[in-house]
Amino acid sequence: MLDAIGAGLTPRVGDRDWAELWRESPEFQETLDEIARIKTEAAIIKSEKGEGKTTPSKFATPFLYQLRVVTKRSFVGLWRSPNYVYTRVFTHAAISLIISLSYLQLGQSYRDLQYRFFAM
């Protein structure tokens with residue numbers, strides 16, 4: 001693919017970029033028209049069902065649905081690889097233990113103040 005667009009070892013073929021050729025092609029305009037037609041049909045179907053908003057949305061599904069799907073997918077991924085979760089829990093516990101023990105039995109002297117800043 002890189003050779004076809006001129007980014008590989010061979011020099012570029014022609015003086016125009018593939019993206020520029022695509023944007024000026026009739027197929028690109030047909031694709032945009034098809035997308036607009038699909039959005040219009042979806043809005044008409046939605047208005048016939050009485051679902052309220054008739055203008056086409058930027059996204060196909062609501063935000064909360066997408067959030068639920070992504071969260072479930074993340075939890076399934078974590079469930080399938082528990083070593084990652086256990087490593088993170090151990091790392092957080094070890095770091096919090098080390099930091100909290102550095103505050104143990106600190107007084108009010110200047111040296112103790114330096115230890116507090118070091119712990120921070």
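Biologist: How many residues apart are Glu-41 and Arg-37 in helix H3?

Modeller: Please note first that this is a predicted model. Glu-41 and Arg-37 are four residues apart in helix H3, so about one helical turn separates them. Their side chains meet in a salt bridge, with an N to O distance of 2.4 Å. Salt bridges that share partners join Glu-34, Arg-37 and Glu-41 into one network.

Biologist: Where does Glu-34 lie with respect to Arg-37?

Modeller: Both residues belong to helix H3, which covers residues 26–49, and they are three residues apart, about one turn of the helix. The closest N and O atoms of the salt bridge between Glu-34 and Arg-37 are 2.4 Å apart. The count of salt bridges comes to two.

Biologist: How should the accessibility of these three partners be read, and which class do they fall into?

Modeller: The general idea is a scale of relative accessible area, on which buried means under 20%, exposed means over 50%, and partly exposed lies in between. Arg-37 is partly exposed because its relative accessible area is 37%. Glu-34, at 36%, is likewise partly exposed, and Glu-41 is partly exposed at 38%.

Biologist: What is the overall fold in which this network is set, in terms of helices and strands?

Modeller: The protein has six helices and zero strands, and along the sequence its pattern reads α-α-α-α-α-α. Of its 120 residues, 4% are buried. The protein exposes about 11,200 Å², and carbon and sulfur atoms supply 65% of that area.

Biologist: Let us turn to Asp-112. Is Asp-112 buried or exposed?

Modeller: Asp-112 counts as buried because its relative accessibility is 15%, which falls under the 20% limit. Asp-112 is located in helix H6, residues 110–119.

Biologist: For a buried charged residue, one looks for a partner of opposite charge. Which side chain of opposite charge is nearest to Asp-112?

Modeller: That side chain belongs to Arg-116, at 6.4 Å, and Asp-112 has no salt bridge. The 6.4 Å separation exceeds the limit because a salt bridge requires the nitrogen and the carboxyl oxygen to be within 4 Å.

Biologist: Which polar atoms, then, lie beside the side chain of Asp-112?

Modeller: There are two such cases to consider. A polar atom of the Asp-112 side chain lies 2.8 Å from the backbone nitrogen of Gly-107. The side chain of Asp-112 is also joined to that of Ser-109 by a polar contact of 3.1 Å. When neighbours within four places in sequence are set aside, Asp-112 is in contact with Leu-106 and Gly-107.

Biologist: Turning to the backbone, what is notable about the phi of Gln-105?

Modeller: Most residues other than glycine have a negative phi. Gln-105 is not a glycine, yet its phi is positive, at about 55°. Gln-105 sits in the loop between H5 and H6. Gln-105 is exposed because its relative accessible area is 76%.

Biologist: Finally, the surface. Which residues make the nonpolar patch?

Modeller: Ile-95, Ile-99, Tyr-103, Tyr-110, Leu-113, Phe-117 and Met-120 make this patch, with an area of about 820 Å². Two elements, helix H5 (82–102) and H6, each give two or more residues to the patch.

Biologist: Which element supplies the largest share of the nonpolar patch?

Modeller: H6 supplies the largest share, with three residues. Phe-117, one of the patch residues, is found in helix H6.

Biologist: Is Phe-117 buried or exposed?

Modeller: Phe-117 is exposed because its relative accessible area is 55%. Helix H6 therefore carries both the buried Asp-112 and the exposed Phe-117.

Notes
Residues are numbered from 1 along each chain as its sequence is written. This is a predicted model: local features need pLDDT of at least 70, side-chain atom pairs count only at pLDDT 80 or more; totals for chains, interfaces and linings use all residues. Side-chain values use heavy atoms; hydrogens and water are left out. Buried means under 20% relative accessible area, exposed over 50%, partly exposed in between (1.4 Å probe, protein chains only). Lys and Arg count as positive and Asp and Glu as negative; His and the chain ends are not counted. A polar contact is a pair of N or O atoms within 3.5 Å; within protein, one must be able to donate a hydrogen and the other to accept it, and residues adjacent in sequence count only if both atoms are side-chain atoms. Contact means heavy atoms within 4.5 Å. Patches are made of residues with over 30% relative accessible area and no salt bridge: like charges are joined within 9 Å, nonpolar side chains (Val, Leu, Ile, Met, Phe, Trp, Tyr) within 5 Å. Accessible areas come from the Shrake-Rupley method with a 1.4 Å probe; for residues, only the protein chains shown count as cover.
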